Amino acid sequence: MDILICYKSQRRPAARHLASVLAGYGYDVAFDYQDIPADGFNRHLEERIATAKAVPVLWCGHSVSSQWVIEQARLAKDAGRLVPVLMESAELPLGFAGLNTHDLSDWDGSGRSALLDGFIEELARLTGKRPQMDYDKLKAYEDTWRDFGALSFSQFSHSAAAPGDTPIETAGAASGKSENTPPKDENDVFKVFDEMFGAGSKGGGAAAAESADIHTVAEITLEEAFSGVEKDLEVSRTRLCSACSGHGILGAGPDCSACSGTGKVTAKQGMFQLQKTCTNCQGSGKTVVNKCATCSGIGTSAPEIRHLRVKIPAGAITGTRIRLAGEGGAIPARLPENGSIVSAQTGDLYIQVQLRSHPYFETRGADVYCNAIAKPSVLKKGGKLMVHDVSGAKIKLNIPKGVEEGKSMRLEGRGMPHLKGGGRGDLYVRLITQS
């Protein structure tokens, strides 16, 4: 194994994506603990850290306070294999603040980003293996990243399921188990650590496949994308019941006898004592509850039509995603098979921009491509040709002598606006003759 990625469980999707990108560079990568044997878990994990040639640790607001992640980082540091990675602004634990840390908080998820250069170089040094880029794999992972709706590495958390966020096999794992296939033993150590170190974030665990998020498409013209536009959208959605806040119940009776009204029970697992949600009362602490009459115990309203006016910024192209927080659907509180209550959720609305085909221009990112008809005599002797960009502005193109048909001329800064600002892309004009 070349690389082992360590992280806090809330950042598993980020670790999965990073592992996929590094696998696209030809590295043998592991990022999950599910293929580690439950028998002697700690020993096996220490052996894995010791045998890995490089151990990136993803520092974020969750991991900097996790003794589990800190201990792994210390083991990797002592072995000379630690590669600290900053996912977001965070105060690093004692003993790690002075180390050379790779800041990937603004990384856009692309496998060919300049922000990865220093990180990849350090991995190459530690592993002794130069990266061999597989462009097809990297492109697929970039598409998955954009499907998730994250604009930067710091936004990629375990907050929701997403299109494209499908289970993949742990890169480099010999067991062949899918990431979403934990050991069947009910007492496996992976469950112990998941519960101890916080796998139960919004939409996480067994409920990750169910999402309150809504995804829709907004079709716009290239001219609208150039200047920005406001679009009226209609979205059908449910909302959490206002009477019971999505729980489906109102009122409560006597304390639950199984948990003495605390909503929690204590279970012993080896050397650990874990608190779990009481399955007898579903964590409410009460034995008797009354069904909410407003929603008939469902926890959500009937579907409603929501009219929205959405601002699409200049530079948005096909694949651009716009997130409207809290404008998605609703999922009531529920009790999955693992016995831990999943809170009621209000999701987000994700709008994917789709550009209509244009009769004259094509886009590739912020760059624009078009054809322009020129007389053979102009190509042979040189001259001027009038063209226009997406905004409609006319441009006088100087054609040098002896230009071959099919040659493209680049007009710097005449393409689409960059979505995050900083000027415009380029316009490429392909010179053709009248057929």
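**Entry 1: the chain as a whole**

I began with burial: 43% of the 435 residues of the chain count as buried. I note here that the model is a predicted one. I then looked up the exposed surface, which comes to about 21,800 Å² for the chain. Carbon and sulfur atoms supply 49% of that area.

For secondary structure, I recorded eight helices and 22 strands in the chain. I also checked how far apart in sequence the contacting residues lie. Taking the contacts with a separation of 6 or more, I found that 68% of them join residues 24 or more positions apart.

**Entry 2: the sheet with β6, β16 and β13**

I turned next to an open sheet of three strands, which I read in the order β6-β16-β13. Its pairing is mixed. I marked β6 (214-220) and β13 (321-324) as the edge strands, since each of them pairs on one side only. Direction ignored, neighbouring strands of this sheet are turned by 25° against each other on average.

I followed one pairing of this sheet in detail. Strand β16 covers residues 349-355 and runs parallel to β6, with seven bridges joining the two. Within this pair, I located V217 opposite Q352 in β16.

**Entry 3: strand β7 and its partner β12**

Which residues of β7 lie on its covered face, and which on its uncovered one? For this strand, residues 229-237, I listed V229, K231, L233, V235 and R237 on the covered face. The uncovered face carries E230, D232, E234 and S236. I note that the covered face includes K231 and R237 alongside V229, L233 and V235.

I then looked up the pairing of β7 with strand β12, residues 304-312. The two strands are antiparallel and share nine bridges. E234, which I had placed on the uncovered face of β7, has H307 in β12 as its bridge partner.

**Entry 4: the sheet with β17, β18, β22 and β21**

My last entry concerns an open sheet of four strands, in the order β17-β18-β22-β21. The pairing in this sheet is mixed. Its edge strands are β17 (362-364) and β21 (408-411), each pairing on one side only. From one strand to the next, I recorded an average twist of 30°.

How many bridges link β17 to β18? I found three, with β17 and β18 (residues 367-373) paired in the antiparallel sense. At this pairing, R364 stands opposite D367 in β18.

Note on methods
Residues are numbered from 1 along each chain as its sequence is written. This is a predicted model: local features need pLDDT of at least 70, side-chain atom pairs count only at pLDDT 80 or more; totals for chains, interfaces and linings use all residues. Side-chain values use heavy atoms; hydrogens and water are left out. Two strands pair if DSSP finds at least two bridges between them. Axes are lines fitted to C-alpha atoms, for helices over the stretch in contact, and angles run from 0 to 180 degrees between N-to-C directions. Buried means under 20% relative accessible area, exposed over 50%, partly exposed in between (1.4 Å probe, protein chains only). Contact means heavy atoms within 4.5 Å. Accessible areas come from the Shrake-Rupley method with a 1.4 Å probe; for residues, only the protein chains shown count as cover.
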